[in-house]
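User: I am new to this structure and would like a close look at one helix and the parts around it. Please go through it step by step.

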Amino acid sequence: MSRVGKSPIAIPAGVTVTVSNDNVVTVKGPNGELQQAVDADIKVVQEGAELLVQRPTDQKRHKALHGLYRALLNNMVVGVTTGYKVVQELVGVGYRATNTGNTLDLVLGYSHHYVFELPKEIKVTTTADKGKNPTIILESNDKQLIGQVAAKIRSLRAPEPYKGKGIKFAGEVLRRKAGKSASKK
């Protein structure tokens, strides 16, 4: 049995979970509302303050979906209660990030600016303290969406292995390479 799938999801106070007839799970909480369509074979059952995900057989497909949907539903419950936060750093001379509302303007060493329009579900803030790298802080209740947007921002200038320049996640350790060495005569 799936180790992830068999563990129950604790539903905190102030969070309501509803499962419709067509297997769409809706989670409402203090930080908003999220929906997830669940495969028809997988059954979602609410017992008191716990949410259980059940599968019909031990087929490989059912085992995979069992753990998947349990993880997705748990991420939804955590999202509507505490939310998710992603911090990215811009490492490089002249790299800057500014925002006006949900529009992110990035200067990444190219001849042009990148203007990135973020979805309305994501709140963005930028900081540029003296002596520190500029940072981009993304906050949302949807883990999938915030991860996808953060990956898209990072792909605009991924960190390179020699000097470490680029957009990296805070706390990320980059694998560095040695540069060229002088030839011996």
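Analyst:
**Helix H3 and its surroundings**

Helix H3 covers residues 143-155; at 1.5 Å a residue its 13 residues should span 18 Å, and the end C-alpha atoms are indeed 18 Å apart. The model is a predicted one.

Five residues of H3 are listed here as buried: Leu145, Ile146, Val149, Ala150 and Ile153. Viewed down the axis of H3, the buried residues stay within an arc of 125°, so they line one face of the helix. What that face packs against is a set of strands: E7 (84-91), E9 (103-107), E10 (114-117), E12 (135-140) and E13 (166-169).

Ala150 is one residue of helix H3 that can be followed in detail. Its relative accessibility is 1%, and because buried means under 20%, Ala150 counts as buried. Setting aside residues up to four places away in sequence, Ala150 touches Val86, Gln88, Leu138 and Phe169. Lys184 is 34 residues from Ala150 along the chain, and the C-alpha atoms of the two are separated by 45 Å.

The N-terminal end of H3 is capped by Asp142, which has a side-chain oxygen 3.3 Å from the backbone nitrogen of Gln144. Gln144 also appears among the contacts of Gln36, a residue of strand E4 (residues 32-37). Apart from neighbours within four places in sequence, Gln36 is in contact with Asn23, Val24, Val25, Tyr69, Leu72, Leu73, Met76 and Gln144. The relative accessible area of Gln36 is 18%, which makes Gln36 buried.

Asn141 sits in the loop between E12 and H3. With 12% relative accessibility, Asn141 is also counted as buried. The side chain of Asn141 reaches the backbone oxygen of Asn31 at 3.0 Å. Beyond neighbours within four places in sequence, the contacts of Asn141 are Asn31, Gly32, Glu33, Leu34, Gly79, Val80, Gly83 and Tyr84.

Some of these names lead to another helix. Helix H2 (residues 60-81) has 22 residues and reaches 33 Å from its first C-alpha to its last, close to the 32 Å expected at 1.5 Å a residue. The buried residues of H2 include Tyr69, Leu72, Leu73 and Met76, each of them in contact with Gln36. Gly79 and Val80 of H2 are buried as well, and both are in contact with Asn141. Just after H2 comes Gly83, with a positive phi of about 85°; Gly83 is another contact of Asn141.

Strand E10, against which buried residues of H3 pack, begins at Tyr114. A search of the whole structure finds 1 aromatic pair. The pair is Tyr110 with Tyr114, set edge-to-face, at 5.8 Å centre to centre and 80° between the planes. Tyr110 is partly exposed, at a relative accessible area of 35%, and Tyr114 is partly exposed at 26%.

For the wider setting, the UniProt record (an unreviewed entry) lists residues 11-83 and 91-168 under "domain: Large ribosomal subunit protein uL6 alpha-beta". Over residues 11-83 the chain is 30% helix and 36% strand, with end C-alpha atoms 15 Å apart. Over residues 91-168 the figures are 17% helix and 37% strand, and the end C-alpha atoms are 8 Å apart.

Note on methods
Residues numbered from 1 in each chain as written. Predicted model: local features only at pLDDT ≥ 70, side-chain atom pairs only at ≥ 80, totals over all residues. Heavy atoms only, no water. UniProt positions renumbered as here; feature names shortened; annotations may be inferred. Helix = DSSP H or I, 4+ residues; strand = E, 2+ residues; numbered from the N terminus. Expected span 1.5 Å × (residues − 1). Buried < 20%, exposed > 50% of the residue type's maximum accessible area, 1.4 Å probe, protein only. Arc of directions from axis to C-beta. Contact = heavy atoms within 4.5 Å. Polar contact = N/O pair within 3.5 Å; in protein donor to acceptor, adjacent residues only side chain to side chain. Phe/Tyr/Trp six-rings, centres within 6.5 Å; stacked < 30°, edge-to-face > 60°.
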